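Colleague: Got a minute to walk me through this one? I'd like to start with what sits around the ligand.

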Amino acid sequence: MLSLKDTPGLQLQTWHRNLGPIIRLNMGVQHWVIINDPTIAHELFSRNGIKTSDRQKHKFTYDMYSKGGRGIPFNKTSKKWKNARNIAISILSPKYVESFTKVLDTIIDKAIKQLEDETEKNGSVSPMHSLKVVTFSAMLRSLLGGSAKFIASETLDDIIKTTEVMFTYSGPEGDIDSFVPQLAWINKRSKHREEAEAIINHRDSLYKRLIQDALEGDQDCLLKHIYSLRDEYELDETDLLVMTSDLISAGGDPTALSLAWLFAILSQNPGVQMKMQSEIDSFVARNGRTPGFSDREELPYTISVLLENIRFRSVTNFGVPHLTTQDVEFLGFFIPKDTVVISSMHAMHMNENVYENADKFIPDRFSGSRKTWSISSNGSFEERDMYAFGWGRRICPGIHFAEVETFSVCVRTLARCNIEPIIGLDGKPEYVDLDSILPAGLNFSPKEYKVKFIKRG
Ligand code: HEM
């Protein structure tokens with residue numbers, strides 16, 4: 001268990017290389033089965049999804065964060081989960097996201113301007129916080145409507161920080177009690193537990209305030225719509241609080257991390273940037289406007305780069321672990337009931353049997369791909385390009401929202417500026433270390449880095 005270290009994604013990749021596509025780990029009293037082969041993962045999570053879509057009772061994510069069975073990502077496969085997930089799917093639908101693009105573009109343009117201004121003032125800028133401001137503001141605006149415009153920047157920073165801390169506690173190390181029940185009495189009084197409880201109390205008061213302001217405001221918003229459905233879906237105030245926290249956290253953090261990887265990668269690949277910019281520029285010359293998501297088919301190289309980005313650095317170490325509710329027999333394997341089953345996300349995307357030269361950033365490997373991420377991830381297994389959004393009944397309901405945000409941030413940024421590395425004292429470029437990963441619980445995040453956003457002439 002301890003050998004998973006701070007960055008489980010990298011450790012699992014090494015184990016898969018040495019041991020093969022399916023590994024069993026003894027995590028104290030729990031058994032984990034970890035997979036880095038998409039065909040095996042598809043058989044297990046999608047074809048046997050009815051037996052493999054539950055979640056474990058992780059001390060932090062289930063007992064504390066989800067208050068023992070509320071919300072979506074960490075909830076068991078209960079009626080409450082199904083109802084909350086159905087609401088999420090309906091509000092994250094392409095039709096809704098389409099109606100939101102103008103607001104999104106305004107949020108993005110403001111952030112790009114800040115990145116340009118800070119580069120001009122200080123010579124370089126760390127883009128991570130600005131990217132989080134974009135993705136969290138987008139989720140807040142989409143859920144809380146106009147009232148989110150008046151959220152103070154300190155409150156937004158508080159929401160971002162609270163989410164980062166919660167993600168950190170969501171990794172295996174946040175669940176020592178379930179691995180080693182004999183230690184539960186020690187953990188009950190540990191500083192780690194006190195801090196975890198404090199962050200949840202803080203989350204609760206922060207979100208209660210946000211929800212109350214949105215519901216009392218005179219602007220129409222999705223949250224009011226969700227509240228109007230609560231009797232029909234048998235959800236109480238606590239369910240709605242956890243669900244709001246789910247949508248803002250799951251909707252805000254991973255997309256920003258994916259964009260942070262993208263900017264780090266682009267800063268050291270000027271040729272890739274120029275090719276994308278030439279696609280964007282010729283669209284602008286033909287149409288007199290910056291391309292939006294509905295124009296994506298006219299930017300085939302950009303589609304390939306964004307796919308390769310999410311393959312190359314896939315944002316989560318292993319998605320969110322699933323749990324078997326029955327024994328499963330498939331492809332000659334036997335996995336007993338109550339086993340934690342995991343898609344080894346980073347190792348799967350680095351699997352040489354699936355992607356040739358997997359450790360190289362090669363957008364052209366996706367040159368024929370045109371399907372949206374949502375269609376490809378939810379369509380036939382054979383046509384799936386990548387696996388970053390998980391599997392089967394638990395597949396991420398925010399894929400379309402994430403793709404629209406990623407596309408819009410990337411295209412609007414490259415239309416206005418070049419992303420360049422900083423220059424060291426020796427006059428040479430200092431590239432971001434793409435192998436340096438921040439220990440961040442469930443997430444697979446780049447460490448803070450600085451680059452330059454230079455206005456194009
Ligand atoms: C690049 C961005 C994103 C990535 C890589 C990502 C990835 C994932 C993964 C791997 C899972 C677990 C799937 C499984 O258990 O098999 C998940 C679940 C989830 N995601 Fe995302 N996600 C992203 C963006 C979003 C956005 C924008 C939202 C919008 C609110 C969202 C909402 C959720 C929710 C609610 C779940 C829980 C689903 C369930 O357990 O039924 N995600 N995501």
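Modeller: Sure. First, a convention: Ala, Val, Leu, Ile, Met, Phe, Trp, Tyr, Cys and Pro count as nonpolar, Asp, Glu, Lys and Arg as charged, and the others, Gly among them, as polar. Also keep in mind that this is a predicted model.

Colleague: Fine. How do the residues of the shell around the ligand divide into nonpolar, polar and charged?

Modeller: There are 17 nonpolar residues, six polar and three charged.

Colleague: And which residues come nearest to the ligand?

Modeller: R55, R85, H322, R394 and C396, out of 26 around the ligand.

Colleague: What is the protein donor of the iron atom?

Modeller: That's the SG of C396, at 2.3 Å, and no other protein donor is found for the iron. C396 is in the loop between helix 18 (373-378) and helix 19 (399-416).

Colleague: What about the ligand's oxygen atoms, which side chains do they meet?

Modeller: R55 puts a polar side-chain atom 2.9 Å from a ligand oxygen, and R394 has one at 2.9 Å from a ligand oxygen as well. For H322, an N or O atom of the side chain is 2.8 Å from an oxygen of the ligand.

Colleague: Which helix gives the most to the shell?

Modeller: Helix 14, with five residues. Helix 5 and helix 14 each supply at least two.

Colleague: Switching to salt bridges, how many are there?

Modeller: The count comes to 28. One of them pairs D239 with K80, with the closest N and O atoms 2.7 Å apart. D239 lies in helix 14 (residues 237-267) and K80 in helix 5 (residues 79-91), so this pair ties together parts that are 159 residues apart in sequence.

Colleague: Are those two buried or exposed?

Modeller: D239 is buried, at 2% relative accessible area, while K80 is partly exposed at 27%. They also belong to a network of salt bridges that links R70, K80, D236 and D239.

Colleague: Which residue does K132 form a salt bridge with?

Modeller: E164, with the closest N and O atoms 2.8 Å apart. K132 is in helix 8 (residues 128-144) and E164 in helix 9 (residues 153-169), so that bridge ties together parts 32 residues apart in sequence. K132 is buried at 4% relative accessible area, and E164 is partly exposed at 25%.

Colleague: Last one: what is the N to O distance for R289 and D295?

Modeller: Their side chains meet in a salt bridge at 2.9 Å. R289 is partly exposed, with 41% relative accessibility, whereas D295 is buried at 10%.

Terms used
Residues are numbered from 1 along each chain as its sequence is written. This is a predicted model: local features need pLDDT of at least 70, side-chain atom pairs count only at pLDDT 80 or more; totals for chains, interfaces and linings use all residues. Side-chain values use heavy atoms; hydrogens and water are left out. A salt bridge is a side-chain nitrogen of Lys or Arg within 4 Å of a carboxyl oxygen of Asp or Glu. Helices (H or I, at least four residues) and strands (E, at least two) are DSSP runs, numbered from the N terminus. Buried means under 20% relative accessible area, exposed over 50%, partly exposed in between (1.4 Å probe, protein chains only). Donors are N, O and S atoms within 2.8 Å of the metal (3.2 Å for Na, K and Ca); water is not among the atoms, so sites may look incomplete. A residue is near a molecule or strand if one of its heavy atoms lies within 4 Å of it. A polar contact is a pair of N or O atoms within 3.5 Å; within protein, one must be able to donate a hydrogen and the other to accept it, and residues adjacent in sequence count only if both atoms are side-chain atoms.
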